[in-house]
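I opened this entry to record what I looked up, chain by chain and residue by residue. Here is the structure I worked from.

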Amino acid sequence: MTCWETIGAYAFRSLGFGEKLLPRTDFTLCQQFTLIGSGLIWNVYFGALALMLGFFLSNALALSKASHKPWARKPAEWFIFVFRGSPLFIQFFLAYSALVMLPRGGVDVLGLHLPTSWMTSAWAGALFVLFLNTSAYAAEIFYGALMSVPKGDLEAAEAYGISGWAKFRRIQWPTMLRLAWPAYTNEAIFLFHATTLVFFSGFPAFQQRGDALYYANYFADKTFNPFVPYPIVAFYFILLTGTLIGIFGLVNRRLNRHLPSNTRSKIRLRPQLIR
Amino acid sequence: MFSSCADPKTLEGLSWLVCYLTSGKHIDFYWSFLTVLTLLAVTAPVALTFGFGGAMAARSHVAPVRLVGKTYTAMVRGVPDIVFFLFFVIALDQGIEWMKHQVVCPDWTQPIRQGLEFRVCPEAKVPSNSSAQIWHQLYGFALAVFTFAIVFGAFAANVLYGAMNAVPRAQLETAESYGMTPRQVFRRILVPQMWVYALPGLSNLWMILIKATPLLFLLGVKDIVYWARELGSAKTQAYAYPHPDWRLWYFLFLMVCYLLMTRLSEIVLNKLAKRLNHGQATAAGEAMRRTAQ
(Lines give C-alpha, C1' and ligand atoms only; values in the text may rest on other atoms or scores of the structure.)
Protein backbone atom coordinates (compact mmCIF):
# COMPACT_ATOMS: atom_id res chain seq x y z
CA MET A 1 0.00 0.00 0.00
CA THR A 2 1.46 3.34 -0.98
CA CYS A 3 1.18 6.32 1.20
CA TRP A 4 -1.51 7.91 -0.99
CA GLU A 5 -3.63 4.78 -0.74
CA THR A 6 -3.19 4.83 3.03
CA ILE A 7 -4.33 8.42 3.18
CA GLY A 8 -7.33 7.54 1.03
CA ALA A 9 -8.21 4.63 3.27
CA TYR A 10 -7.70 6.23 6.66
CA ALA A 11 -7.95 9.99 6.31
CA PHE A 12 -11.57 9.99 7.52
CA ARG A 13 -11.44 6.77 9.49
CA SER A 14 -12.29 8.60 12.70
CA LEU A 15 -15.64 9.59 11.19
CA GLY A 16 -16.36 6.06 10.00
CA PHE A 17 -15.45 6.43 6.31
CA GLY A 18 -12.88 4.34 4.49
CA GLU A 19 -11.20 1.18 5.66
CA LYS A 20 -13.07 -0.65 8.44
CA LEU A 21 -10.15 -2.43 10.08
CA LEU A 22 -7.30 -0.57 11.68
CA PRO A 23 -3.83 -1.71 10.66
CA ARG A 24 -2.68 -4.66 12.77
CA THR A 25 0.83 -5.48 11.59
CA ASP A 26 3.59 -3.74 9.64
CA PHE A 27 2.79 -0.28 10.88
CA THR A 28 4.18 2.40 8.62
CA LEU A 29 4.95 5.97 9.53
CA CYS A 30 2.41 7.05 6.93
CA GLN A 31 -0.36 5.05 8.60
CA GLN A 32 0.44 6.59 11.96
CA PHE A 33 0.49 10.11 10.58
CA THR A 34 -2.76 9.61 8.67
CA LEU A 35 -4.75 7.95 11.43
CA ILE A 36 -3.62 10.30 14.16
CA GLY A 37 -4.36 13.24 11.89
CA SER A 38 -7.76 11.73 11.22
CA GLY A 39 -8.38 11.56 14.94
CA LEU A 40 -7.51 15.22 15.23
CA ILE A 41 -10.83 15.99 13.50
CA TRP A 42 -12.55 15.01 16.74
CA ASN A 43 -10.30 17.23 18.83
CA VAL A 44 -11.09 20.17 16.58
CA TYR A 45 -14.81 19.31 16.65
CA PHE A 46 -14.97 19.16 20.44
CA GLY A 47 -12.78 22.18 20.97
CA ALA A 48 -14.35 24.46 18.40
CA LEU A 49 -17.98 23.71 19.23
CA ALA A 50 -17.49 23.81 23.00
CA LEU A 51 -15.66 27.10 22.65
CA MET A 52 -18.30 28.72 20.46
CA LEU A 53 -21.24 27.60 22.59
CA GLY A 54 -19.31 28.28 25.77
CA PHE A 55 -18.61 31.85 24.76
CA PHE A 56 -22.26 32.79 25.18
CA LEU A 57 -22.84 30.88 28.40
CA SER A 58 -19.63 32.25 29.92
CA ASN A 59 -20.67 35.81 29.16
CA ALA A 60 -24.02 35.21 30.78
CA LEU A 61 -22.37 33.59 33.79
CA ALA A 62 -19.85 36.41 34.17
CA LEU A 63 -22.63 38.96 34.14
CA SER A 64 -24.73 37.14 36.67
CA LYS A 65 -21.70 36.65 38.89
CA ALA A 66 -21.13 40.40 38.77
CA SER A 67 -24.77 41.02 39.66
CA HIS A 68 -25.74 42.49 43.02
CA LYS A 69 -28.82 40.32 43.31
CA PRO A 70 -28.13 37.10 45.19
CA TRP A 71 -30.58 35.03 43.12
CA ALA A 72 -28.49 35.78 40.04
CA ARG A 73 -25.08 35.74 41.70
CA LYS A 74 -25.26 32.60 43.80
CA PRO A 75 -26.11 30.08 41.05
CA ALA A 76 -23.36 31.46 38.82
CA GLU A 77 -20.84 31.33 41.67
CA TRP A 78 -21.73 27.74 42.46
CA PHE A 79 -21.63 26.68 38.83
CA ILE A 80 -18.17 28.20 38.40
CA PHE A 81 -16.96 26.74 41.68
CA VAL A 82 -18.12 23.21 40.88
CA PHE A 83 -16.70 23.10 37.38
CA ARG A 84 -13.43 24.83 38.20
CA GLY A 85 -12.89 23.07 41.50
CA SER A 86 -13.19 19.50 40.30
CA PRO A 87 -11.13 17.62 37.75
CA LEU A 88 -12.48 17.45 34.21
CA PHE A 89 -11.67 13.76 34.22
CA ILE A 90 -14.12 13.16 37.08
CA GLN A 91 -16.69 15.37 35.38
CA PHE A 92 -16.52 13.16 32.32
CA PHE A 93 -16.94 10.01 34.36
CA LEU A 94 -19.76 11.52 36.34
CA ALA A 95 -21.59 12.76 33.26
CA TYR A 96 -21.21 9.43 31.50
CA SER A 97 -22.49 7.41 34.42
CA ALA A 98 -25.38 9.84 34.82
CA LEU A 99 -26.26 9.68 31.13
CA VAL A 100 -26.27 5.88 30.95
CA MET A 101 -28.82 5.89 33.75
CA LEU A 102 -31.37 7.54 31.49
CA PRO A 103 -33.96 5.03 30.31
CA ARG A 104 -32.76 3.18 27.22
CA GLY A 105 -35.92 3.52 25.19
CA GLY A 106 -36.22 7.27 25.65
CA VAL A 107 -38.47 9.40 27.80
CA ASP A 108 -41.97 10.72 27.23
CA VAL A 109 -42.37 14.39 28.02
CA LEU A 110 -45.83 15.89 27.52
CA GLY A 111 -46.72 13.27 24.98
CA LEU A 112 -43.48 13.76 23.04
CA HIS A 113 -41.18 10.77 22.75
CA LEU A 114 -37.58 11.84 23.21
CA PRO A 115 -34.85 9.31 22.41
CA THR A 116 -31.99 9.43 24.92
CA SER A 117 -29.47 6.87 23.69
CA TRP A 118 -27.56 9.40 21.59
CA MET A 119 -26.64 11.33 24.70
CA THR A 120 -24.26 8.68 25.96
CA SER A 121 -22.16 8.86 22.80
CA ALA A 122 -19.05 10.96 22.93
CA TRP A 123 -20.04 13.48 20.27
CA ALA A 124 -22.94 14.68 22.40
CA GLY A 125 -22.16 13.78 26.02
CA ALA A 126 -18.52 14.77 26.04
CA LEU A 127 -19.27 17.91 24.07
CA PHE A 128 -21.83 18.86 26.69
CA VAL A 129 -19.35 18.41 29.55
CA LEU A 130 -16.65 20.33 27.71
CA PHE A 131 -19.13 23.10 26.96
CA LEU A 132 -20.09 23.49 30.63
CA ASN A 133 -16.48 23.20 31.74
CA THR A 134 -15.07 25.81 29.40
CA SER A 135 -18.02 28.09 30.21
CA ALA A 136 -17.06 28.02 33.87
CA TYR A 137 -13.37 28.73 33.23
CA ALA A 138 -14.09 31.46 30.69
CA ALA A 139 -16.75 32.98 32.93
CA GLU A 140 -14.17 33.45 35.66
CA ILE A 141 -11.84 35.14 33.17
CA PHE A 142 -14.60 37.42 31.87
CA TYR A 143 -15.74 38.21 35.38
CA GLY A 144 -12.21 39.24 36.33
CA ALA A 145 -12.01 41.43 33.24
CA LEU A 146 -15.41 42.97 33.92
CA MET A 147 -14.22 43.93 37.38
CA SER A 148 -11.10 45.60 36.00
CA VAL A 149 -12.80 47.80 33.43
CA PRO A 150 -11.31 51.23 34.23
CA LYS A 151 -13.57 53.37 36.38
CA GLY A 152 -12.76 56.41 34.28
CA ASP A 153 -14.18 54.80 31.14
CA LEU A 154 -17.52 54.25 32.82
CA GLU A 155 -17.62 57.74 34.27
CA ALA A 156 -16.75 59.22 30.88
CA ALA A 157 -19.59 57.25 29.31
CA GLU A 158 -22.06 58.58 31.84
CA ALA A 159 -20.79 62.10 31.34
CA TYR A 160 -21.69 61.71 27.67
CA GLY A 161 -25.15 60.55 28.64
CA ILE A 162 -24.56 56.91 27.74
CA SER A 163 -26.12 54.76 30.38
CA GLY A 164 -27.80 51.44 31.02
CA TRP A 165 -27.82 48.93 28.19
CA ALA A 166 -26.06 51.27 25.74
CA LYS A 167 -23.24 51.79 28.22
CA PHE A 168 -22.85 48.06 28.66
CA ARG A 169 -22.98 47.26 24.96
CA ARG A 170 -20.69 50.03 23.78
CA ILE A 171 -18.26 50.55 26.64
CA GLN A 172 -18.27 47.83 29.25
CA TRP A 173 -18.57 44.72 27.14
CA PRO A 174 -15.96 45.59 24.46
CA THR A 175 -13.49 46.64 27.14
CA MET A 176 -14.14 43.47 29.10
CA LEU A 177 -13.53 41.41 25.98
CA ARG A 178 -10.34 43.29 25.21
CA LEU A 179 -8.97 42.87 28.72
CA ALA A 180 -9.95 39.22 28.89
CA TRP A 181 -8.75 38.21 25.45
CA PRO A 182 -5.16 37.12 26.25
CA ALA A 183 -6.36 34.94 29.11
CA TYR A 184 -9.24 33.67 27.00
CA THR A 185 -6.76 32.61 24.33
CA ASN A 186 -4.98 30.51 26.91
CA GLU A 187 -8.27 29.01 27.96
CA ALA A 188 -9.03 28.09 24.35
CA ILE A 189 -5.66 26.43 23.90
CA PHE A 190 -6.00 24.37 27.03
CA LEU A 191 -9.56 23.46 26.13
CA PHE A 192 -8.26 21.93 22.93
CA HIS A 193 -5.66 20.09 24.95
CA ALA A 194 -8.35 18.85 27.32
CA THR A 195 -10.31 17.29 24.47
CA THR A 196 -7.74 14.48 24.42
CA LEU A 197 -9.22 13.19 27.67
CA VAL A 198 -12.60 12.34 26.15
CA PHE A 199 -11.93 8.81 24.97
CA PHE A 200 -9.98 7.91 28.11
CA SER A 201 -12.80 8.75 30.43
CA GLY A 202 -15.63 6.30 29.98
CA PHE A 203 -17.03 7.55 26.71
CA PRO A 204 -16.62 4.63 24.32
CA ALA A 205 -14.94 5.05 20.95
CA PHE A 206 -17.68 3.53 18.80
CA GLN A 207 -16.16 1.25 16.12
CA GLN A 208 -12.73 2.53 17.10
CA ARG A 209 -13.53 6.03 15.95
CA GLY A 210 -11.44 8.05 18.33
CA ASP A 211 -9.44 11.22 18.62
CA ALA A 212 -5.76 11.81 17.93
CA LEU A 213 -4.57 10.51 21.29
CA TYR A 214 -6.82 7.47 21.04
CA TYR A 215 -5.08 6.37 17.85
CA ALA A 216 -1.65 7.28 19.18
CA ASN A 217 -2.34 5.15 22.23
CA TYR A 218 -3.51 2.34 19.92
CA PHE A 219 -0.23 2.45 18.02
CA ALA A 220 1.86 2.70 21.18
CA ASP A 221 0.08 -0.34 22.61
CA LYS A 222 0.45 -2.35 19.43
CA THR A 223 4.05 -1.51 18.59
CA PHE A 224 5.17 -1.07 22.18
CA ASN A 225 7.12 1.90 20.93
CA PRO A 226 6.05 5.26 22.36
CA PHE A 227 8.74 7.17 20.51
CA VAL A 228 6.83 7.45 17.23
CA PRO A 229 3.08 8.00 17.82
CA TYR A 230 3.29 10.41 20.76
CA PRO A 231 5.69 12.81 19.05
CA ILE A 232 3.28 12.75 16.10
CA VAL A 233 0.42 13.83 18.37
CA ALA A 234 2.70 16.46 19.83
CA PHE A 235 3.50 17.70 16.33
CA TYR A 236 -0.17 17.97 15.39
CA PHE A 237 -1.03 19.77 18.61
CA ILE A 238 1.78 22.27 18.19
CA LEU A 239 0.34 23.03 14.75
CA LEU A 240 -3.14 23.34 16.25
CA THR A 241 -1.89 25.60 19.04
CA GLY A 242 -0.09 27.77 16.49
CA THR A 243 -3.23 28.10 14.39
CA LEU A 244 -5.29 29.02 17.42
CA ILE A 245 -2.82 31.67 18.51
CA GLY A 246 -2.93 33.05 14.96
CA ILE A 247 -6.73 33.27 14.87
CA PHE A 248 -7.06 34.68 18.36
CA GLY A 249 -4.25 37.09 17.62
CA LEU A 250 -6.27 38.52 14.72
CA VAL A 251 -9.26 39.05 16.99
CA ASN A 252 -6.96 40.57 19.59
CA ARG A 253 -5.65 43.01 17.03
CA ARG A 254 -9.16 44.06 16.14
CA LEU A 255 -10.12 44.49 19.79
CA ASN A 256 -7.04 46.66 20.37
CA ARG A 257 -7.17 48.62 17.13
CA HIS A 258 -8.11 51.94 18.75
CA LEU A 259 -5.17 51.93 21.15
CA PRO A 260 -1.66 53.29 20.59
CA SER A 261 0.61 50.38 19.80
CA ASN A 262 2.59 50.49 23.05
CA THR A 263 -0.45 50.03 25.29
CA ARG A 264 -1.98 47.10 23.41
CA SER A 265 -2.25 43.88 25.32
CA LYS A 266 -0.24 41.08 23.82
CA ILE A 267 -1.18 37.44 23.94
CA ARG A 268 1.31 35.60 26.10
CA LEU A 269 1.01 31.88 26.35
CA ARG A 270 0.94 30.85 29.95
CA PRO A 271 0.39 27.28 31.00
CA GLN A 272 -2.64 27.61 33.18
CA LEU A 273 -4.82 24.63 33.31
CA ILE A 274 -4.99 20.95 33.35
CA ARG A 275 -8.46 20.25 34.41
CA MET B 1 -14.75 -6.04 59.36
CA PHE B 2 -17.55 -6.42 61.89
CA SER B 3 -18.60 -9.87 63.05
CA SER B 4 -22.21 -9.12 62.20
CA CYS B 5 -21.20 -8.83 58.55
CA ALA B 6 -20.39 -12.52 58.21
CA ASP B 7 -23.47 -13.22 56.12
CA PRO B 8 -24.36 -10.06 54.17
CA LYS B 9 -27.33 -11.66 52.37
CA THR B 10 -29.34 -11.69 55.58
CA LEU B 11 -28.76 -8.01 56.34
CA GLU B 12 -31.06 -5.16 55.52
CA GLY B 13 -31.23 -1.40 55.63
CA LEU B 14 -28.67 0.54 57.58
CA SER B 15 -26.74 -2.47 58.88
CA TRP B 16 -26.39 -3.67 55.28
CA LEU B 17 -25.02 -0.26 54.30
CA VAL B 18 -22.58 -0.22 57.21
CA CYS B 19 -21.31 -3.69 56.30
CA TYR B 20 -21.19 -2.76 52.61
CA LEU B 21 -19.16 0.38 53.24
CA THR B 22 -16.66 -1.48 55.43
CA SER B 23 -16.12 -4.46 53.14
CA GLY B 24 -12.53 -5.35 52.25
CA LYS B 25 -12.70 -3.70 48.85
CA HIS B 26 -14.04 -0.51 50.35
CA ILE B 27 -11.17 -0.44 52.81
CA ASP B 28 -8.87 -0.66 49.77
CA PHE B 29 -10.82 2.22 48.27
CA TYR B 30 -10.25 4.34 51.38
CA TRP B 31 -6.57 3.49 51.36
CA SER B 32 -6.30 4.60 47.77
CA PHE B 33 -7.03 8.15 48.96
CA LEU B 34 -3.72 7.84 50.72
CA THR B 35 -2.16 6.95 47.37
CA VAL B 36 -3.43 10.22 45.95
CA LEU B 37 -2.27 12.23 48.96
CA THR B 38 1.13 10.53 48.80
CA LEU B 39 1.37 11.44 45.16
CA LEU B 40 0.61 15.06 46.01
CA ALA B 41 3.05 15.11 48.93
CA VAL B 42 5.89 13.58 46.92
CA THR B 43 5.29 15.28 43.60
CA ALA B 44 4.98 18.83 44.88
CA PRO B 45 8.54 19.17 46.28
CA VAL B 46 10.12 17.11 43.49
CA ALA B 47 8.36 19.15 40.81
CA LEU B 48 9.40 22.34 42.57
CA THR B 49 13.01 21.16 42.53
CA PHE B 50 12.77 20.30 38.83
CA GLY B 51 11.19 23.65 38.18
CA PHE B 52 13.90 25.45 40.10
CA GLY B 53 16.55 23.62 38.10
CA GLY B 54 14.73 24.39 34.86
CA ALA B 55 14.37 28.07 35.67
CA MET B 56 18.03 28.33 36.66
CA ALA B 57 19.05 26.57 33.45
CA ALA B 58 16.85 28.91 31.39
CA ARG B 59 18.67 31.89 32.97
CA SER B 60 22.11 30.43 32.51
CA HIS B 61 24.84 32.28 30.64
CA VAL B 62 26.04 29.07 29.02
CA ALA B 63 24.17 28.70 25.74
CA PRO B 64 23.64 24.90 25.66
CA VAL B 65 22.38 24.87 29.26
CA ARG B 66 20.07 27.75 28.50
CA LEU B 67 18.73 25.90 25.46
CA VAL B 68 17.98 22.84 27.60
CA GLY B 69 16.20 25.00 30.16
CA LYS B 70 14.18 26.88 27.56
CA THR B 71 13.17 23.67 25.82
CA TYR B 72 12.08 22.16 29.10
CA THR B 73 9.94 25.17 30.00
CA ALA B 74 8.50 25.41 26.49
CA MET B 75 7.63 21.75 26.19
CA VAL B 76 4.33 21.90 28.08
CA ARG B 77 2.96 24.84 26.14
CA GLY B 78 1.91 23.42 22.83
CA VAL B 79 1.26 19.81 23.68
CA PRO B 80 -1.44 18.34 25.93
CA ASP B 81 0.06 17.18 29.20
CA ILE B 82 -1.74 13.86 29.01
CA VAL B 83 0.39 13.03 25.97
CA PHE B 84 3.42 13.44 28.20
CA PHE B 85 1.85 11.30 30.88
CA LEU B 86 1.18 8.45 28.48
CA PHE B 87 4.54 8.86 26.79
CA PHE B 88 6.84 9.13 29.79
CA VAL B 89 5.47 6.12 31.61
CA ILE B 90 6.37 3.76 28.76
CA ALA B 91 9.48 5.65 27.74
CA LEU B 92 10.89 5.70 31.28
CA ASP B 93 10.07 2.04 31.76
CA GLN B 94 11.81 1.07 28.54
CA GLY B 95 14.71 3.42 29.21
CA ILE B 96 15.36 1.92 32.63
CA GLU B 97 15.16 -1.64 31.32
CA TRP B 98 17.42 -0.79 28.41
CA MET B 99 20.07 0.71 30.69
CA LYS B 100 19.90 -2.23 33.07
CA HIS B 101 20.13 -4.52 30.08
CA GLN B 102 23.36 -2.84 28.95
CA VAL B 103 24.85 -3.41 32.38
CA VAL B 104 23.57 -6.87 33.32
CA CYS B 105 23.86 -8.73 30.04
CA PRO B 106 26.49 -7.14 27.85
CA ASP B 107 26.86 -10.26 25.68
CA TRP B 108 23.21 -10.40 24.63
CA THR B 109 23.28 -10.52 20.84
CA GLN B 110 19.64 -10.34 19.78
CA PRO B 111 18.24 -6.92 18.89
CA ILE B 112 16.14 -5.30 21.60
CA ARG B 113 13.39 -4.12 19.29
CA GLN B 114 12.21 -7.25 17.47
CA GLY B 115 9.44 -6.07 15.22
CA LEU B 116 6.64 -5.26 17.59
CA GLU B 117 8.36 -6.33 20.77
CA PHE B 118 10.68 -4.70 23.20
CA ARG B 119 12.79 -7.54 24.50
CA VAL B 120 15.58 -7.22 27.03
CA CYS B 121 17.25 -10.16 28.70
CA PRO B 122 15.15 -11.66 31.53
CA GLU B 123 17.59 -10.49 34.19
CA ALA B 124 17.12 -6.89 33.12
CA LYS B 125 13.38 -6.80 33.76
CA VAL B 126 12.41 -4.11 36.25
CA PRO B 127 11.14 -5.17 38.71
CA SER B 128 12.29 -8.74 38.16
CA ASN B 129 9.59 -11.26 37.26
CA SER B 130 9.98 -13.17 40.50
CA SER B 131 9.46 -10.21 42.83
CA ALA B 132 6.24 -9.81 44.77
CA GLN B 133 3.15 -8.03 43.46
CA ILE B 134 3.69 -5.13 45.83
CA TRP B 135 6.99 -4.27 44.14
CA HIS B 136 5.33 -4.14 40.77
CA GLN B 137 2.74 -1.76 42.17
CA LEU B 138 5.35 0.38 43.90
CA TYR B 139 7.42 0.55 40.73
CA GLY B 140 4.35 1.62 38.77
CA PHE B 141 3.59 4.28 41.35
CA ALA B 142 7.18 5.54 41.35
CA LEU B 143 7.12 5.86 37.56
CA ALA B 144 3.85 7.78 37.82
CA VAL B 145 5.27 10.13 40.44
CA PHE B 146 8.35 10.77 38.36
CA THR B 147 6.22 11.48 35.28
CA PHE B 148 4.08 13.91 37.23
CA ALA B 149 7.21 15.57 38.56
CA ILE B 150 8.68 16.04 35.08
CA VAL B 151 5.51 17.58 33.65
CA PHE B 152 4.75 19.74 36.67
CA GLY B 153 8.41 20.65 36.94
CA ALA B 154 8.10 22.21 33.51
CA PHE B 155 5.04 24.19 34.65
CA ALA B 156 6.86 25.26 37.81
CA ALA B 157 9.93 26.24 35.80
CA ASN B 158 7.74 28.62 33.82
CA VAL B 159 6.39 30.20 36.97
CA LEU B 160 9.75 30.48 38.71
CA TYR B 161 11.44 31.83 35.60
CA GLY B 162 8.86 34.59 35.46
CA ALA B 163 9.20 35.26 39.17
CA MET B 164 12.99 35.51 38.98
CA ASN B 165 12.64 38.08 36.21
CA ALA B 166 10.07 40.00 38.23
CA VAL B 167 12.43 40.78 41.11
CA PRO B 168 13.32 44.47 40.67
CA ARG B 169 16.57 44.85 38.80
CA ALA B 170 17.69 47.61 41.18
CA GLN B 171 17.79 45.15 44.07
CA LEU B 172 20.26 42.94 42.23
CA GLU B 173 22.35 45.89 41.07
CA THR B 174 22.58 47.20 44.61
CA ALA B 175 23.82 43.83 45.77
CA GLU B 176 26.39 43.76 42.99
CA SER B 177 27.61 47.22 43.88
CA TYR B 178 28.21 45.99 47.42
CA GLY B 179 30.64 43.51 45.88
CA MET B 180 28.58 40.34 46.03
CA THR B 181 29.45 37.62 43.56
CA PRO B 182 26.71 36.48 41.12
CA ARG B 183 26.21 33.39 43.22
CA GLN B 184 25.75 35.43 46.38
CA VAL B 185 23.32 37.75 44.62
CA PHE B 186 21.32 34.75 43.50
CA ARG B 187 21.24 33.11 46.90
CA ARG B 188 20.85 36.10 49.18
CA ILE B 189 18.79 38.55 47.12
CA LEU B 190 17.06 36.89 44.20
CA VAL B 191 15.76 33.67 45.75
CA PRO B 192 14.39 35.17 48.97
CA GLN B 193 12.54 37.87 47.04
CA MET B 194 11.14 35.85 44.17
CA TRP B 195 8.66 33.82 46.23
CA VAL B 196 6.14 36.60 46.58
CA TYR B 197 6.05 36.91 42.79
CA ALA B 198 5.93 33.17 42.32
CA LEU B 199 3.15 32.51 44.81
CA PRO B 200 0.12 33.21 42.57
CA GLY B 201 1.53 30.98 39.86
CA LEU B 202 2.54 28.28 42.29
CA SER B 203 -0.84 28.23 44.00
CA ASN B 204 -2.49 27.93 40.61
CA LEU B 205 -0.13 25.05 39.91
CA TRP B 206 -1.02 23.35 43.17
CA MET B 207 -4.71 23.48 42.22
CA ILE B 208 -3.87 22.04 38.82
CA LEU B 209 -1.84 19.30 40.47
CA ILE B 210 -4.76 18.35 42.69
CA LYS B 211 -7.04 18.25 39.71
CA ALA B 212 -4.54 16.18 37.71
CA THR B 213 -4.37 13.36 40.26
CA PRO B 214 -7.21 11.33 38.70
CA LEU B 215 -4.92 10.88 35.71
CA LEU B 216 -3.05 8.37 37.86
CA PHE B 217 -5.77 6.00 36.74
CA LEU B 218 -4.54 6.30 33.15
CA LEU B 219 -1.02 5.43 34.25
CA GLY B 220 -2.21 2.08 35.56
CA VAL B 221 -2.17 2.89 39.27
CA LYS B 222 -5.05 1.57 41.36
CA ASP B 223 -6.19 4.98 42.54
CA ILE B 224 -9.57 6.31 43.65
CA VAL B 225 -10.95 6.45 40.11
CA TYR B 226 -10.07 2.81 39.58
CA TRP B 227 -11.81 1.78 42.79
CA ALA B 228 -14.83 3.99 42.14
CA ARG B 229 -15.35 2.30 38.79
CA GLU B 230 -14.66 -1.12 40.24
CA LEU B 231 -16.97 -0.79 43.23
CA GLY B 232 -19.67 1.21 41.52
CA SER B 233 -20.30 -1.11 38.58
CA ALA B 234 -23.37 -3.33 38.84
CA LYS B 235 -22.92 -6.43 41.01
CA THR B 236 -24.93 -9.57 40.39
CA GLN B 237 -26.20 -12.00 43.00
CA ALA B 238 -22.88 -13.87 42.71
CA TYR B 239 -21.31 -11.10 44.80
CA ALA B 240 -21.67 -10.70 48.53
CA TYR B 241 -23.29 -7.29 48.16
CA PRO B 242 -25.34 -7.22 44.96
CA HIS B 243 -26.41 -3.79 43.78
CA PRO B 244 -27.27 -2.02 40.50
CA ASP B 245 -24.94 0.39 38.73
CA TRP B 246 -23.89 2.87 41.41
CA ARG B 247 -20.98 4.48 39.64
CA LEU B 248 -22.82 7.80 39.56
CA TRP B 249 -22.82 7.98 43.38
CA TYR B 250 -19.19 6.97 43.65
CA PHE B 251 -18.11 9.63 41.19
CA LEU B 252 -20.32 12.16 42.91
CA PHE B 253 -18.50 11.31 46.12
CA LEU B 254 -15.11 11.77 44.42
CA MET B 255 -16.23 15.09 43.01
CA VAL B 256 -17.26 16.33 46.45
CA CYS B 257 -13.90 15.21 47.84
CA TYR B 258 -12.05 17.11 45.14
CA LEU B 259 -14.18 20.21 45.67
CA LEU B 260 -13.39 20.08 49.37
CA MET B 261 -9.69 19.67 48.66
CA THR B 262 -9.50 22.57 46.22
CA ARG B 263 -11.60 24.82 48.45
CA LEU B 264 -9.43 24.06 51.45
CA SER B 265 -6.26 24.72 49.48
CA GLU B 266 -7.70 27.98 48.24
CA ILE B 267 -8.36 29.20 51.77
CA VAL B 268 -4.89 28.20 52.99
CA LEU B 269 -3.15 29.71 49.97
CA ASN B 270 -5.05 32.97 50.33
CA LYS B 271 -3.91 33.19 53.94
CA LEU B 272 -0.34 32.52 52.84
CA ALA B 273 -0.51 35.16 50.12
CA LYS B 274 -1.76 37.67 52.66
CA ARG B 275 1.15 36.95 54.92
CA LEU B 276 3.74 37.11 52.13
CA ASN B 277 2.31 40.30 50.65
CA HIS B 278 2.41 42.06 53.97
CA GLY B 279 4.72 45.04 53.71
CA GLN B 280 5.85 44.19 50.17
CA ALA B 281 6.39 46.90 47.59
CA THR B 282 3.84 45.34 45.24
CA ALA B 283 0.28 46.20 44.26
CA ALA B 284 -1.16 43.62 46.65
CA GLY B 285 1.01 44.88 49.48
CA GLU B 286 -0.01 48.45 48.75
CA ALA B 287 -3.68 47.49 48.78
CA MET B 288 -3.22 45.87 52.19
CA ARG B 289 -1.52 48.99 53.52
CA ARG B 290 -4.41 51.16 52.29
CA THR B 291 -7.09 49.04 53.91
CA ALA B 292 -5.14 49.00 57.15
CA GLN B 293 -5.08 52.78 57.34
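I started with the surface of chain A, in what is a predicted model. Chain A exposes about 13400 Å². Carbon and sulfur atoms supply 66% of that area. I then looked up burial: of the 275 residues in chain A, 52% are buried.

Next came the fold of chain A. I counted nine helices and two strands. Along the sequence they run α-α-α-α-β-β-α-α-α-α-α. I took the box around the C-alpha atoms along the principal axes, and chain A fills roughly 75 × 55 × 30 Å. I also checked contact range. Among contacts in chain A with a separation of 6 or more, 74% join residues 24 or more positions apart.

**Residue D211(A)**

I went to D211(A) next. I found D211(A) in the loop between α7 (164-194) and α8 (212-223) of chain A. Is D211(A) buried or exposed? Its relative accessibility is 0%, so D211(A) counts as buried. I listed its contacts, leaving aside neighbours within four places in sequence. D211(A) is in contact with G39(A), W42(A) and N43(A), and also with T195(A), T196(A) and F199(A). I also looked up one pair distance. L15(A) lies 196 residues from D211(A) along the chain, and their C-alpha atoms are separated by 9.8 Å.

**The nonpolar cores**

I turned to the largest nonpolar core, which has 146 residues. Which members touch the most others? They are F148(B) and F152(B). Helix α5 of chain B, residues 133-166, gives the most to this core, with 16 residues. Apart from this core lies another, of nine residues. Among them are A76(A), F79(A), I80(A) and F83(A).

I then listed the contacts of F148(B), not counting residues up to four places away in sequence. F148(B) touches L39(B), T43(B), F85(B) and G153(B). The list goes on with L209(B), A212(B), T213(B), L215(B), L216(B) and L219(B).

**The second largest pocket**

I looked up the second largest pocket and noted a volume of about 690 Å³. How many residues line the second largest pocket? The lining has 26 residues. Of these, Q137(B), F141(B), G220(B), V221(B) and K222(B) lie nearest the centre. I then asked which elements give two or more residues to the lining. They are α2 (24-58), α4 (81-104) and α5 of chain B. The most comes from α5(B), with nine residues. I also sorted the lining by character: 15 residues are nonpolar, eight are polar and three are charged. So α5(B) gives the most to the pocket lining, and I had already noted α5 of chain B as giving the most to the largest nonpolar core.

**Two residues of α4(B)**

I closed with helix α4 of chain B, where I looked at Q94(B) and M99(B).

Q94(B) has 2% relative accessibility and therefore counts as buried, the limit being under 20%. I listed what Q94(B) touches, again not counting residues up to four places away in sequence. From chain A there are F224(A), P226(A) and F227(A). From chain B there are R113(B) and F118(B).

M99(B) has 52% relative accessibility and counts as exposed, because the limit for exposed is over 50%. I noted one pair for M99(B) as well. M99(B) and V120(B) are 21 residues apart in sequence, and C-alpha to C-alpha they are 9.8 Å apart in space.

Terms used
Residues numbered from 1 in each chain as written. Chains lettered and ligands numbered in written order. Predicted model: local features only at pLDDT ≥ 70, side-chain atom pairs only at ≥ 80, totals over all residues. Heavy atoms only, no water. Core = buried A, V, L, I, M, F, W, Y, C linked by side-chain atoms within 4.5 Å. Buried < 20%, exposed > 50% of the residue type's maximum accessible area, 1.4 Å probe, protein only. Helix = DSSP H or I, 4+ residues; strand = E, 2+ residues; numbered from the N terminus. Contact = heavy atoms within 4.5 Å. 1 Å grid on protein atoms, 1.4 Å probe; cavity = no way out; pocket = protein on both sides within 12 Å on 5 of 7 lines; lining within 4 Å. Points joined across faces, edges and corners; volume = space filled by probe spheres on them. Nonpolar A, V, L, I, M, F, W, Y, C, P; charged D, E, K, R; others polar. Areas by Shrake-Rupley, 256 points an atom, 1.4 Å probe, with all protein chains shown as cover.
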